[in-house]
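Dear colleague,

I am handing over the structure we spoke about, and below it you will find an account of what turned up when I went through it. Please read the text with the structure open beside you.

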Amino acid sequence: MPDIVSAEFAADPYAAYRIFRENAPVYWHEGTQSYVVSRYEDVSRAFRDQIFTTANYDWQLEPVHGRTILQLSGREHAVRRGLVAPAFRGSELQERFLPVIERNARTLIDAFRADGRVELVGQFSTHFPINVIVDMLGLDQADHARFQKWYTSIIAFLGNLTQDPDVAAAGVRTRDELAAYMLPIIARRREDPGDDLLSKLCLAEVDGTRMSDEDIKAFVSLLLAAGGETTDKAISALFANLLAHPDQLAAVREDRGLIPQAFAETLRFTPPVHMIMRQPAEDVELSGVAIPAGSTVTALIGAANRDPDRYADPDRFDLFRSDLTTTNAFSAAADHLAFALGRHFCVGALLAKTEVEVGANMLLDAMPDVRLAEGAAPVERGVFTRGPGALPLEFTPAA
Ligand code: HEM
């Protein structure tokens, strides 16, 4: 069996996913000490079935974020979810945060629109979601660069598979710097709240419970990683997929109403998050394999999203496919698994969708004849999270 922690796997996980699904849909992997699960039916069950709780992420997340919603289960999780989720509802986004999203896309695009060339990952998609989060929180826009540095350090920490001690130390330093920056601001917002996201988090109350200053700081730290890296990769993957399929790019350019479909198909075909860990609280069986209570299950989103039992011709990027639901991404019936399902279903899914739709529209306006730069061949990078390493583009600047 291919090893999910190897250079061959990182180069082309989709080939390995095919082998797993067909030959060993549930197999024991020594390296991660987990049962690796690859079929759509099994991965969606691991997300939906109440038997599965979130895996023990503390060792990975605690040193850099503190204790976040992702590490919680049961009632504790439900309360925390109730405290944060209302701030990410559609009405909030439309009424309060859409102008923030549009302004940030415009500022980044204005910096390169006259150049006729852009490296989309480094000049747009890495910055856009972080700048949006900073502004939604009501923090100082002059601090975008400082948050970008913290964001880079946090995702390096989370992706530090080789346990590089310098990367680990930088991650812990970032936790301390973010705390020193955020805690005094949180204290001030409690005294004098506004209508920004940070104030909403300070005021949120469920059954008499509020978040502590430390909880809010940890949530802000999580937002940088969970909301930044994923949306970053989704935007660049959307463009990489469309550029690799010029007929579909032409269709989207003509009819911007196709962007949501192109985004949903991007999340199915090239999801930003490829793997999620879960733990069954009881003995359970998946694809005929017995999994003992308390063991770790690695659910392969990237493999499930290309399961031929669920999607016809799954290795083909096709925004017009009829077997992908795009309209109900926020109900448990959503079908691609890129946002997970069930209790930990992505809190920021609607924000991500809004950012990508606004960003893609404005990018297409600024780059009417966008094409890959001469000689460029984009390569996907990453194992747990994955997306184009770089995307050099050329275009004729709009008049
Ligand atoms: C949870 C994917 C954007 C905030 C998740 C999970 C996935 C995911 C797979 C489940 C994690 C798990 O169960 O271990 C994505 C993708 C995105 C995206 C693919 C972009 C295309 C965002 C944004 C935000 C966000 C923009 C907020 C700013 C969160 C939070 C959770 C979460 C707070 C934890 C929810 C919980 O534990 O109940 N996301 N996400 N995400 N996401 Fe996203």
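In what order do the strands of the open sheet of 3 strands lie, and is their pairing parallel or antiparallel? The order is β4-β12-β9, and the pairing is antiparallel. At the edges stand β4 (117–119) and β9 (371–372), each of which has a single partner strand, so one side of each is left without a neighbour in the sheet. Between β4 and β12 (residues 392–394) there are 3 bridges in the antiparallel sense, and within this pair V118 is found opposite L393 of β12.

Before going further, please keep in mind that this is a predicted model, and that what follows should be read with that in view.

As for the chain as a whole, it contains 16 helices and 12 strands. Its radius of gyration is 21 Å, close to the 21 Å that the globule rule gives for 399 residues, so the chain is as compact as a globular protein of that length. The C-alpha trace spans about 60 × 55 × 40 Å along its principal axes, and 43% of the 399 residues are buried. If one takes the contacts between residues at least 6 apart in sequence, 70% of them join residues that are at least 24 apart.

A second antiparallel pair is made by β1 (residues 26–29) and β2 (residues 34–37), which are joined by 4 bridges; here V26 has V37 of β2 as its bridge partner. These two strands form a hairpin with 4 residues between them, and in that hairpin Q33 takes a positive phi near 50 degrees.

Turning to the ligand, there are 23 residues around it, of which G227, T230, H344, C346 and G348 come nearest. Two elements, α12 (213–243) and α16 (349–366), are those that give two or more residues to this shell, and the largest share, 7 residues, comes from α12. Sorted by class, the shell has 17 nonpolar, 5 polar and 1 charged residues.

Helix α12 also appears in the surroundings of α5 (residues 74–84), since what covers the buried residues of α5 includes both α11 (197–203) and α12. The buried residues of α5 are R80, L83 and V84, and, seen down the helix axis, they fall within an arc of 85 degrees, so they line one face of the helix. On the other side of α5, G74 and R75 are exposed.

Lastly, there are two backbone details that you may wish to look at in the loops. Most residues other than glycine have a negative phi. D207, however, has a positive phi of about 50 degrees although it is not a glycine, and A340 likewise has a positive phi, of about 60 degrees, without being a glycine. D207 is placed in the loop between α11 and α12, whereas A340 lies in the loop between α15 (301–304) and α16. Which of the words buried or exposed applies to D207, and which to A340? D207 is exposed, with 7 other C-beta atoms within 10 Å, while A340 is buried, with 21 other C-beta atoms within 10 Å.

With best regards

Key:
Residues are numbered from 1 along each chain as its sequence is written. This is a predicted model: local features need pLDDT of at least 70, side-chain atom pairs count only at pLDDT 80 or more; totals for chains, interfaces and linings use all residues. The radius of gyration is taken over C-alpha atoms; the globule rule is 2.2 Å times the number of residues to the power 0.38. A residue is buried if 20 or more other C-beta atoms lie within 10 Å of its own, exposed if 12 or fewer, and partly exposed in between; C-beta atoms are placed from the backbone. Two residues are in contact if their C-beta atoms, placed from the backbone, lie within 7 Å. A residue is near a molecule or strand if its C-beta atom, placed from the backbone, lies within 6 Å of it. Ala, Val, Leu, Ile, Met, Phe, Trp, Tyr, Cys and Pro count as nonpolar, Asp, Glu, Lys and Arg as charged, and the others, Gly among them, as polar. Two strands pair if DSSP finds at least two bridges between them. The arc is that of the directions from the helix axis to the C-beta atoms.
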